[in-house]
Amino acid sequence: KDVHYTLFRAEDWVAWVTFTVVFATLIIFDNFVLHANPKSLTMARAMAYTIFWVLCAFAFCGWVWWHFGEQQALMWMSGYMLEWMLS
């Protein structure tokens with residue numbers, strides 16, 4: 001067990017800033033653009049929203065791959081898929 005694990009390392013500040021900016025942008029987009037005019041949710045609209053969010057996740061995984069490497073991207077995608085299956 002690694003007892004000296006540090007979540008917020010100084011060399012990872014770019015990753016944390018990128019994640020925070022992208023997360024905030026997507027939350028604002030979701031609340032103020034996608035749900036600006038509340039309508040009943042159709043199956044097609046639900047599928048479009050799901051595909052959009054999954055593509056966002058894959059894009060972020062691609063960024064993790066580019067920035068941190070294959071192993072970290074696979075770990076991130078494994079966590080994402082596990083979270084999706086459990087939700």
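In this predicted model, helix H1 supplies the largest share of the lining of the second largest pocket, namely six residues. That pocket holds about 310 Å³ of space. Its lining comprises 14 residues, and those nearest the centre are Phe 23, Leu 26, Trp 53, Cys 56 and Ala 57. The elements that contribute two or more residues to this lining are H1, H2 and H3. By class, the lining of the second largest pocket consists of 13 nonpolar residues and one charged residue, with no polar residue.

Phe 23 deserves separate attention. This residue belongs to helix H1, which spans residues 13-34. Phe 23 is classed as partly exposed because its relative accessibility is 49%, and the partly exposed class lies between the limits of 20% and 50%. Besides its place in the pocket lining, Phe 23 contributes to a nonpolar surface patch of about 750 Å². The other members of that patch are Tyr 5, Leu 7, Phe 8, Trp 16, Phe 19 and Ile 27.

Two of these patch residues, Tyr 5 and Trp 16, lead to the largest pocket, whose volume is about 530 Å³. Tyr 5 and Trp 16 are among the residues closest to the centre of this pocket, together with Asp 12, Phe 68 and Gln 72, out of 15 lining residues. Two or more residues of the lining come from each of H1, helix H2 (43-68) and helix H3 (70-86). Here the largest share, four residues, belongs to H2. The lining of the largest pocket divides into 11 nonpolar, two polar and two charged residues.

Definitions and conventions. Residues are numbered from 1 along each chain as its sequence is written. This is a predicted model: local features need pLDDT of at least 70, side-chain atom pairs count only at pLDDT 80 or more; totals for chains, interfaces and linings use all residues. Side-chain values use heavy atoms; hydrogens and water are left out. Patches are made of residues with over 30% relative accessible area and no salt bridge: like charges are joined within 9 Å, nonpolar side chains (Val, Leu, Ile, Met, Phe, Trp, Tyr) within 5 Å. Accessible areas come from the Shrake-Rupley method with a 1.4 Å probe; for residues, only the protein chains shown count as cover. A salt bridge is a side-chain nitrogen of Lys or Arg within 4 Å of a carboxyl oxygen of Asp or Glu. Buried means under 20% relative accessible area, exposed over 50%, partly exposed in between (1.4 Å probe, protein chains only). On a 1 Å grid over the protein atoms alone, a cavity is a set of points where a 1.4 Å probe fits but cannot get out, and a pocket is an open set with protein on both sides within 12 Å along at least five of seven lines; lining residues have an atom within 4 Å of a point. Grid points are joined across faces, edges and corners, and a volume is the space filled by probe spheres set on the points. Ala, Val, Leu, Ile, Met, Phe, Trp, Tyr, Cys and Pro count as nonpolar, Asp, Glu, Lys and Arg as charged, and the others, Gly among them, as polar.
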